[in-house]
Amino acid sequence: MPNIFADVLIIGAGPAGLFTAINIEAKNRQIIILEKNQCAGKKLLLTGNGKCNITNSAAISDFFDYYNHKARKFIRKALFNFDNIALQNFFRNYDIEFYADADNRIIPKNANAEKIRNILIDCCKAKNIKIHYDEPANKIEIITQNAKKKFCVYTDKNIYFADKLVLSTGGCSYPQTGSTGDGYKFAEALGHAIITPKPALSQIFIKDFQLSDIAGSSLKTARLIFFRASKKIAELTGEILITHKGLSGIPVINISREISSGDTIIISFIDNQQLKFTNNFKQLLHTNQKKSLKSILKKFELSERLIEKMLALASIKTDILVYQISKEEKERLLKTLTHFEMTVLSSGDFNTAMITAGGIALNEINPATMESLIIPNLYFAGEILDIDGFSGGFNLQAAFSTAKLAASNI
Ligand SMILES: Cc1cc2nc3c(=O)[nH]c(=O)nc-3n(C[C@H](O)[C@H](O)[C@H](O)COP(=O)(O)OP(=O)(O)OC[C@H]3O[C@@H](n4cnc5c(N)ncnc54)[C@H](O)[C@@H]3O)c2cc1C
């Protein structure tokens, strides 16, 4: 099998691997990226539904609360070294402009995820960085050559010898994009501890879901309270999306990692200020006896589909007039609107969760360099690390910032 020599070998051409390569000072060094897919950044193409929510508009000093506890201290140096402004400025050099949406997500104005990915690939070409596609790394060994330790990486086509190695193979969510957890096995074989990977950021699937026929509806100010064995474990408000099999939307996605099968959800569809709603609703019924119940419900910004579904669930005729409603029906409707109970079937698995929580244990990596504290010249960048952020651009920012820091130190 041919032997190929590299100064720096990077495994994985996602945003972390590509950005590491681009930022390494070239100094006539041979930099090679191995990528198992036939193209780079397959997952990057999916980000923000193809629009690429690249970072967040929050002040960088406020970013830390949006990562898992263990990562908050670890990621400080990487984020301050290359923050959300620096990331946008990097792409501004390639004529990309950005805007912040209502949820503070930073999104390219005049580009999409594909354009962002292509800029990264073009930068690699411009720096003569070789990307070897369709060539997954299978095994890594450390060998001694001329009294110097080298990484020896085996693929089906070649054997690579490298002075420095970067693992940027991502996590194991969305395995169809190439992120199948290979990096964890390589790191473990080299002596690194792995925090058990778990799916995070997904929709929540509901047992015997009764709202699938209104899938696509959104609830602007719903309130969800989660219980486990009758103990409240979480609460959220915000825009919730009804899917075919359960609930989604940013607040749901962010909380999904804390939710387990069998948890109970009490949902208020209508208003997070429930008491205020109940009083308003009763008052409106009292003063509008001859109107249809539907017309009263519409005053609370509920869609026609949702109103009809709520009435059906409360076993009330859709064309009923206010004076025709019995006391029991009124109570039933109020309960359906503000105390609707659901049971969690599951939160998503790796096939549907956007990111992986867990990964390479951070206490064995130098946060100032991203270099292994166990094996010199071994670096990590991106989602392979035990860093997971909320939805909103925090994960791509972590990938770019850790990559930049690793590159500066290689
Ligand atoms: C649907 C979806 C939407 C998302 N939207 C957003 C968003 O809008 N904003 C945000 O911040 N984050 C988002 N994310 C998360 C974000 O995409 C990831 O955090 C980011 O891609 C991680 O970058 P990475 O380079 O570390 O890993 P990855 O992007 O997973 O790249 C790893 C690369 O390594 C390659 N690889 C793996 N094993 C091997 C091997 N043995 N040999 C060679 N190559 C290998 C893979 O093929 C892959 O190309 C989203 C994720 C998904 C799934």
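Strand β2 (residues 31-34) is covered on both faces. Ile31 and Ile33 lie on one side of the strand, and Ile32 and Leu34 lie on the other. Each of these four residues is buried. The model described here is predicted.

Strand β2 pairs with two further strands. On β1 (residues 3-11), the pairing is parallel and rests on four bridges. Within this pairing, Ile10 stands opposite Ile33. Strand β6 (residues 130-132) also runs parallel to β2, and three bridges join these strands. Here the residue opposite Ile33 is Ile131 of β6. Ile33 therefore links the description of both pairings under the bridge criterion of at least two per strand pair: Ile10 faces Ile33 from β1, and Ile131 faces Ile33 from β6. The connection from β1 to β2 involves helix α1 (residues 15-23). Together, β1, α1 and β2 form a β-α-β unit of right-handed sense.

A second set of pairings centres on strand β16 (residues 340-347). Strand β11 (residues 204-206) runs antiparallel to β16 and is joined to β16 by three bridges. Ile204 has Ser347 as its bridge partner in β16. Strand β15 (residues 264-268) is likewise antiparallel to β16, with four bridges between them. In that pairing, Ile265 is partnered by Met342 of β16.

The model also holds a ligand, with 35 residues around it. Those that come nearest are Glu35, Ser179, Asp182, Glu383 and Leu396. Polar contacts to oxygen atoms of the ligand come from both backbone and side chains. A polar side-chain atom of Glu35 lies 2.6 Å from a ligand oxygen. For Asn37, an N or O atom of the side chain is 3.2 Å from an oxygen atom of the ligand. Pro15 contributes through its backbone, where an N or O atom lies 3.3 Å from a ligand oxygen. On its own, the ligand has 1,000 Å² of accessible area, and the protein covers 96% of this.

Several helices contribute to the shell around the ligand. Helices α1, α6 (182-189) and α12 (394-409) each supply at least two of its residues. The largest share, four residues, comes from α12. Helix α1 thus has two roles in this account: α1 belongs to the right-handed unit with β1 and β2, and α1 supplies residues to the shell. By residue class, the shell divides into 15 nonpolar, 15 polar and five charged residues.

Terms used:
Residues numbered from 1 in each chain as written. Predicted model: local features only at pLDDT ≥ 70, side-chain atom pairs only at ≥ 80, totals over all residues. Heavy atoms only, no water. Buried < 20%, exposed > 50% of the residue type's maximum accessible area, 1.4 Å probe, protein only. Right-handed = clockwise from strand over helix to strand, strands pointing away. Near = heavy atom within 4 Å. Polar contact = N/O pair within 3.5 Å; in protein donor to acceptor, adjacent residues only side chain to side chain. Areas by Shrake-Rupley, 256 points an atom, 1.4 Å probe, with all protein chains shown as cover. Nonpolar A, V, L, I, M, F, W, Y, C, P; charged D, E, K, R; others polar.
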